[in-house]
Amino acid sequence: MFSNIAGTSCFRRLNATHATGCSSTFRGSQGVIHVVKTQEDFHFLLITLHLHRMLQYPPTALYEGKYDDAQVVLTGSLNNLQSFSHESRCPNQYGGLLREQTCSVNDQENSWNPFGTGLLQEDFPFPVFLVSSEKDAAKITDCFEKFNNFDMNSQNLRSLCSIEINAFMSAAVNSQVCIRRSNMQNNLSPTTFCDPLQGRNVFATLFPRKIVEPAARQVDPTEEIIILSARMDTASMFDGVGPGAMGSLVPYSVLMLTAQLMARILPQRRDPSHPNVLFVLFNGEAFDYIGSQRFIYDLQHGEFPYKSHQTNPLSMDNIKFLVDLGVLDTMRLLNISHATDFPRAGEFGQLMSKYSSKFGMNVTTSFLKENFSFPAVILNSPPTNRFYHSIFDDDDNINFVYGNTSKNFLTLEDLTAPSADFTADSIQMSIRNISSIIAFSLYEMITGEEYREALGGSAVFADEFLYCFLTSSQCPLMSAIVQDNSTLPPYPPPRYISVHRTGNQRSVIYTHGIFGLTVGQKLEGVARENCTVPPRIWYPGFGLHGECHLTTQNVSLAVSPAFKEPDYNWTSGRYSTWTESTWSAISARIFLRPSTHHEALTLAIGLTVMVLSFVAVFIINTKSDVLFGNSPSSEVISIPARC
């Protein structure tokens with residue numbers, strides 16, 4: 001009898017040189033359960049036992065050793081866990097600005113991610129299954145205690161609690177081999193072994209751009225653009241589990257709040273010569289900068305935005321300045337970085353210093369890789385995230401407590417007055433303050449005028465945004481952008497880039513809608529029937545009263561150019577080459593495995609019964625005339641006479 005276990009599994013990803021992740025055998029991996037709670041249990045399992053085992057283990061030092069035959073089941077517990085990052089100490093180590101390595105995984109103190117374990121770069125020959133339900137975790141532990149956790153020396157003499165994990169991955173070797181195998185299809189049995197990682201970048205402009213006919217599209221050299229960018233994706237070992245709260249959601253929310261604030265304090269372009277602001281959220285940045293690489297590729301080939309957007313394409317020359325929001329682990333200690341000195345970098349730094357006593361920045365790798373003198377600055381903070389790219393980078397990691405104020409999150413706040421809803425050191429207030437500083441600095445760069453108003457960003461907006469993306473999509477902010485609230489699931493939208501087979505990510509759809517509601521211009525007095533054709537979009541709005549917006553947001557493809565170029569050199573390292581393996585199903589179930597003696601006895605009884613049945617059939621067949629009487633009469637039966 002089997003009992004199903006709810007959860008998710010580690011899966012396999014590949015790049016140009018390696019395969020990473022986990023996989024079960026083709027028909028599933030089975031093993032006896034052994035619960036590990038301490039280091040002593042762990043070493044006992046490795047040194048003393050040489051059996052197939054399943055481990056339920058707090059993941060602090062899980063993979064320090066060699067495991068040829070194993071299954072691993074983890075429970076999401078933070079008890080006594082000081083740090084645990086699935087990522088390498090040098091994330092995107094080989095996709096950076098410089099060919100020579102500036103980060104060493106062997107130098108923990110000076111590495112970018114000192115808490116990294118490198119598990120995302122390992123290829124494990126066994127499945128790793130994450131049990132998220134406490135009820136199922138208790139079920140596994142109870143089964144172990146009842147049947148397994150006594151008299152270890154005589155385990156083979158009794159039935160043992162065991163588990164079966166089905167998580168077979170179709171892909172192998174590397175992306176090049178996998179793509180070639182997938183392309184060698186025949187009409188009888190087409191098979192896809194892996195798919196390129198693929199998603200959507202989401203962008204919006206502060207001011208509407210000129211609408212042009214598709215045939216008249218051309219780059220306007222006089223158009224100037226300032227870009228404010230951040231990443232929207234996250235990553236972890238397990239399918240569907242990757243909160244990414246501190247790793248990417250904080251800068252994500254800072255950009256969204258900055259865009260909403262700038263649209264309120266600068267609703268119209270005051271002078272035609274003023275630059276426009278392009279807010280961009282890149283997807284797939286966790287895997288060698290997929291989103292920003294494709295964005296640059298499209299700019300270079302005149303394909304951004306797409307023809308369907310009905311605006312002129314942009315080029316690299318149109319971009320006069322870029323501000324990239326990197327990791328913001330420590331909100332009170334920020335750094336500004338840029339590859340080379342240029343006037344706008346100094347101006348922006350002075351403005352940030354002017355509007356705040358402490359400020360900071362990160363590295364715009366894709367842009368600087370194409371042009372080392374590109375006018376870009378990065379805003380980041382020193383790395384303090386103990387759970388970067390892991391299942392534990394959640395709301396607790398950023399000390400997020402939902403305020404649930406029920407206030408209008410689209411209203412600006414008086415920065416001179418103390419907040420009645422949040423403490424000064426809360427994550428909501430930190431996001432509000434940094435967003436306001438960035439918005440005020442860009443405001444002065446665009447207009448040449450100092451921002452003197454007391455109104456700034458909304459901590460309520462930050463509160464609602466974090467709740468929607470960390471706890472549940474059934475929240476006031478999402479209700480304000482979707483037409484039917486019943487379509488909102490009671491869980492946050494996943495932000496892993498995934499592949500094209502999964503369709504549009506909910507995070508992309510929601511971000512697109514939030515841009516339309518907060519950056520798009522509200523058109524007063526426009527009825528719903530006159531607000532059906534983009535760029536006019538109807539939103540329920542706060543309070544669900546309905547309102548029409550003239551929107552500027554859209555999406556662009558986020559898939560590596562390596563999969564667009566037919567003769568791409570896979571060994572060049574120019575573009576990201578990450579793919580994801582296909583699989584049929586992921587499941588786990590526990591059962592009671594009989595002892596060796598029980599199996600031998602069952603086999604012996606079966607063989608005995610089989611032999612006896614053959615003997616019985618033979619005897620019955622040879623004595624059938626005695627047992628069943630004479631053979632049937634061969635005499636012809638006469639036809640009865642007619643009456």
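**Figure 1. Helix H5 and helix H8 against the strands of the sheet.** In this predicted model, helix H5 (residues 290–300) lies across strand S12 (198–205), S13, S14, S15 and S23, and runs at about 110° to S23. Helix H8 also packs on the sheet, where it touches S13, S14, S15 and S17, and its direction makes about 165° with that of S13.

**Figure 2. The open sheet and its edges.** The sheet is built from 7 strands in the order S16-S17-S15-S13-S14-S12-S23, it is open, and its pairing is mixed. S16 and strand S23 (554–559) stand at the edges with a single partner strand each, so one side of each is left without a neighbour in the sheet. From one strand to the next, the twist averages 20°. Within the sheet, strand S13 (residues 225–231) and strand S14 (residues 276–282) run parallel and are joined by 7 bridges, and in this pair isoleucine 227 stands opposite leucine 278 in S14. Strands of a sheet pair through backbone hydrogen bonds, either parallel or antiparallel.

**Figure 3. Strand S25 and its pairing with S1 and S10.** Strand S25 (residues 587–593) pairs in the antiparallel sense with strand S1 (residues 3–4) over 2 bridges, and strand S10 (residues 160–166) pairs with S25, again in the antiparallel sense, over 7 bridges. Isoleucine 590 in S25 appears in both pairings: serine 3 stands opposite this residue, and so does isoleucine 163.

**Figure 4. Helix H6, with its buried and exposed residues.** Helix H6 (residues 343–355) has 13 residues, which at 1.5 Å a residue should span 18 Å, and the 19 Å between its end C-alpha atoms agrees with that expectation. The buried residues of H6 are Ala345, Phe348, Gly349, Leu351, Met352 and Tyr355. These residues cover an arc of only 165° around the axis, which puts them on the same side of H6. An α-helix has 3.6 residues a turn, so residues three or four places apart point the same way. Pro343 and Gln350 are exposed and are carried on the face of H6 that is turned away from its buried side. The elements that cover the buried residues of H6 include strand S15 (319–325), strand S16 (335–337), strand S17 (376–380) and helix H8 (427–447).

**Figure 5. The packing of helix H4 on helix H11.** Helix H4 (residues 245–265) and helix H11 (residues 506–518) pack at an angle of about 25°, and their axes are 9 Å apart. The two helices, H4 and H11, are therefore roughly parallel to each other. On the H4 side the contact is made by Tyr252, Leu255, Met256, Ala259, Gln260 and Ala263, and on the H11 side by Ser507, Thr511, Ile514, Phe515 and Thr518.

**Figure 6. The surroundings of valine 526.** Valine 526 is found in the loop between strand S20 (521–523) and strand S21 (536–539). When residues up to four places away in sequence are not counted, valine 526 touches Cys531, Arg536, Trp538 and Cys548. Cysteine 548 is 22 residues from valine 526 along the chain, yet the C-alpha atoms of the two are separated by 6.3 Å.

**Figure 7. The whole protein, for orientation.** The protein has 13 helices and 25 strands, and 53% of its 643 residues count as buried. Among the contacts between residues at least 6 apart in sequence, 76% join residues at least 24 apart.

Note on methods: Residues numbered from 1 in each chain as written. Predicted model: local features only at pLDDT ≥ 70, side-chain atom pairs only at ≥ 80, totals over all residues. Heavy atoms only, no water. Helix = DSSP H or I, 4+ residues; strand = E, 2+ residues; numbered from the N terminus. Contact = heavy atoms within 4.5 Å. Pairing = 2+ DSSP bridges. Expected span 1.5 Å × (residues − 1). Buried < 20%, exposed > 50% of the residue type's maximum accessible area, 1.4 Å probe, protein only. Arc of directions from axis to C-beta. Axes fitted to C-alpha atoms, helices over the stretch in contact; angles between N-to-C directions. Parallel < 35°, antiparallel > 145°, perpendicular 65-115°, else oblique.
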